[in-house]
Amino acid sequence: MTESSPLAVAVADLTRTFVRSRSRLPGRLKRRPPESRTALDAITLTVPSGEVHGLLGPNGAGKTTLCKILSTVLIPTSGIAKVFGHDVVVSTTRVRPLVGVVLGGERGLYTRLTARQNLMYWSALYRQPTSEGAERTAKLLERLGLEERADERVETFSRGMKQRLHLARGLVGNPRLLILDEPTVGLDPAAARDFRGLVRQLRAEGRTILLTTHDMTEAEELCDRVTLIDSGKLLGTEDPRTIGEWLSAWERVTAEGVPAELIDRIRKVEGVAGVEIDSEGRITVETAGDGTSAAVLSLLVDGGVTSLSTSRPSLEEVYLHLIGSRGLNVG
Amino acid sequence: MIRLALAMARFQIAAMRRSPHDLMALVNAPLFTVIFLAIVRYTGRDDLTGYAVLAPAMITVFAMALLASGEIIANDRTDGRLELLVASPSPVAVVVLSRIAMITLVSLVSVAECWLVARVLFGKAVAVPHPWLFVGTLAAIGLAMAGTASAMAGLFVLTRSARTFQNSLSYPFYILGGVLVPPALLPEWLRPLTQVVFLSWGTDLLRDSLSEAPVQRVLPRIAAVIVLGGTGFLLGAWLIHRVLLKVRNDGTVSHA
Amino acid sequence: MISDGLRILRYAAASGFADFRTIYTVRTWITGWLFRVLCQVSFFALIGRLIDSPEYTEYLLIGNAVMIAAMESLFVVASTSWERWTGSVPLLIAAPASLALVLCGRSVQWLASGTASATLALFLLSPLFGVDLRLPMALVVIPLIALVGLSTYCFGLILGGLVLRADSLRNVVGNLTMLSLMAISGAQVPVSVWPDWLQALSAVLPVHHGLAAIRGVLSAEMGFTEVLMHVGMEAIVGTASLGVAILGFKRFAESGRRSGAIEFGS
């Protein structure tokens, strides 16, 4: 680690296609032509050292593929990916000690063994001497609030605890770059909040974090910069404040018992993108501009409507707006 | 590297203690011993007592190679650990081979186990007139078995049909390996086949080490065990390499 | 009521056979499973060569071929637990149909496969080992092999019910039972070599009586009434086991409701 690169991640024209050879038809020898799917399409991206970088995109956008390539688990079809200046395809022995990886979900642990045994195993795999490994394991268990259950089998753990253990596992090699793939999926709100606190601590320690998510609030809250990705294509890298603006700009207002005349007036408010009325007479107002939802809300309140609420748009809706307004071509 | 190997071996012990499935063969061993010794006693062939003690031990050593070692990579894959292992700075082959070595070492405990069953339940203490040959052959068998196991571990991940036939490998191997009946007593047409199975050389040597008579041609026979077992290691290393290539190239090790 | 019960059994059996088809096709059953069975029986029959006794070779061949039916039936011990993985146990307890009935039916695929492979092993290997089974009279043993399979299946259901509470032991229990039966039921050595208490134990377990009947028919040295008596005893062992197994399943359901051990989902 003598050479230090200011860039934790540097990716250029990175493409990965999966070729799936389809199974033979029963009783026949002829194979159907192979099907190919592009998971990453010429992505270029840099993440400076010390940054918390979000990869935001819906399921199947290619986020996990990028995580796998950066953690040396998957080889790209073309393009270059470097971690702290080392090529992930060739220089695996240089890259691996620098990277900690936490792939989402509950899998990946020895469930019959205890949390401590699992961490000791991984600390050996990350080449730590036994005594240091034991010390580091104890510290991580404490840090992640698992010390009381440290010597119980992982199969008795709740989902949130398993997720914390995964994070401890990712940290066991003291990585400079931590790759977190959908780390909060399936966590209850309290556990997700604790997790965010931890990410902030890790950032304060100077670690670089690459975090994938499809939760815009999470991306806005945690990240220094956010890259939007969809169907394998990079849509752009944004300041998280921009995402905050989208969230409020495309807020939705839902109300019940709105008179028809008032609905007409709402339609005419500037920035209202559309009004939908469902079979029970509930209306959903989509807005597309700063302050629009406030104007709609005050109209409704003035009109005597009391049953109303606002909600943030989903990632898919934001994409629709973005693609619509910028004319992005998303395959 | 040695530190990693030792850590993996220690880990394997911890993992096995929690997995009745992995230790099943050691639990079965006394019953196999009872069955073979009952046959010896019923037929009045006391001269075969040594055979009846060696056979269940060899069955155990192979069964653990097949069921515990053979499933190491396959289990890591199904439980989502294989990718994490690939991402770690440790060479996967070293990890897998260290764990297999530990399993094989534990499986050799069955030799003592079966000897004790004969001593305690049947009052027969099997003597070992050629102790060095006995221990040396066991070591060679252990080595060769670990090599065979590494080949199976790779094979069970790479091909689906291999996993289907996993259960079918045991008894053919026991026959060809001369586990109980010496290869010389098998039908003529089977004998050439036994020559390429390392265990047939090993079990013959073990049986020879239990008889008073001087043993002929020790070195070439031990060499046969080691060379055939070494082929297993080469095959295993190559298959594990293939598994890793497949993981990194295709994203998964889907069944062919 | 009875027709409902039969229908549930039939569906349970269909799900069992569906499991079976995910493991074997006809071709892999023959090249994989049957091949292993033939090797297993040969492995033991070869001991007769080691001893240099054609009579003992015949004894081992018959005993170990019949053991195959018992061995496969004992896979029920493990596959009863499979029902737990599907997450259907709480649904079955909540449903008006009996959990016991479903569990009794869901592993009969082993019974069918076991009877077939034991029969094939006996008739294919006899000529190879120079054993004359005296056909066509010997064909009478096929239903007797099925009976041994059935009574062992019922006994296996008892163990399956116990293992439902300790899933990780499912393979160990099945294997130990198989090897114990192999040792004491007269497959390898006559039951009479064992101490009295083991002989008594063997007599209330499956295989012992059925195997005696099969040996009687094949040697043509046993009278018709004696054969019939052994067959009756094997049937009694099977029926009694089935009763105990059903009680066991009911207790499992009841105690699970009380302790909360019946988990929802996976």
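**Entry 1: a patch on chain B**

I started with the surface of chain B and found a nonpolar patch of about 410 Å², made by Trp115(B), Leu116(B), Val120(B) and Leu121(B). Note to self: this is a predicted model.

I picked Val120(B) for a second look. Where does Val120(B) sit? I traced Val120(B) to helix H7 of chain B, which covers residues 109-122. Next I checked whether to call Val120(B) buried or exposed. Its relative accessibility came out at 63%, so I put Val120(B) down as exposed, since the cut-off for that word is over 50%.

**Entry 2: chain C against chain B**

Then I moved on to the contact between the two chains. I counted 35 residues on the chain C side and 34 residues on the chain B side. For size, I went with the usual habit: an interface is often described by the accessible area lost when the parts come together. Here chain C and chain B bury about 3100 Å² between them, and 82% of that is on carbon and sulfur atoms. On the chain C side, the residues losing the most area to chain B are Phe43(C), Leu50(C) and Leu179(C); together they make up 23% of what that side buries.

**Entry 3: polar side of the same interface**

How many salt bridges cross between chain C and chain B? I got zero by the rule. Polar contacts did turn up: three residue pairs across this interface, with both residues at pLDDT 80 or more.

Last, I looked up which elements of chain C give two or more residues to the side touching chain B, and I noted helix H2 (26-51), helix H3 (54-73) and helix H9 (170-184). H2(C) supplies the largest share of that side, with 16 residues.

Note on methods. Residues numbered from 1 in each chain as written. Chains lettered and ligands numbered in written order. Predicted model: local features only at pLDDT ≥ 70, side-chain atom pairs only at ≥ 80, totals over all residues. Heavy atoms only, no water. Patch = residues over 30% accessible without salt bridge, like charges linked within 9 Å, V, L, I, M, F, W, Y side chains within 5 Å. Areas by Shrake-Rupley, 256 points an atom, 1.4 Å probe, with all protein chains shown as cover. Salt bridge = Lys/Arg side-chain N within 4 Å of Asp/Glu carboxyl O. Helix = DSSP H or I, 4+ residues; strand = E, 2+ residues; numbered from the N terminus. Buried < 20%, exposed > 50% of the residue type's maximum accessible area, 1.4 Å probe, protein only. Contact = heavy atoms within 4.5 Å. Buried area = accessible area lost by both parts, 1.4 Å probe. Polar contact = N/O pair within 3.5 Å; in protein donor to acceptor, adjacent residues only side chain to side chain.
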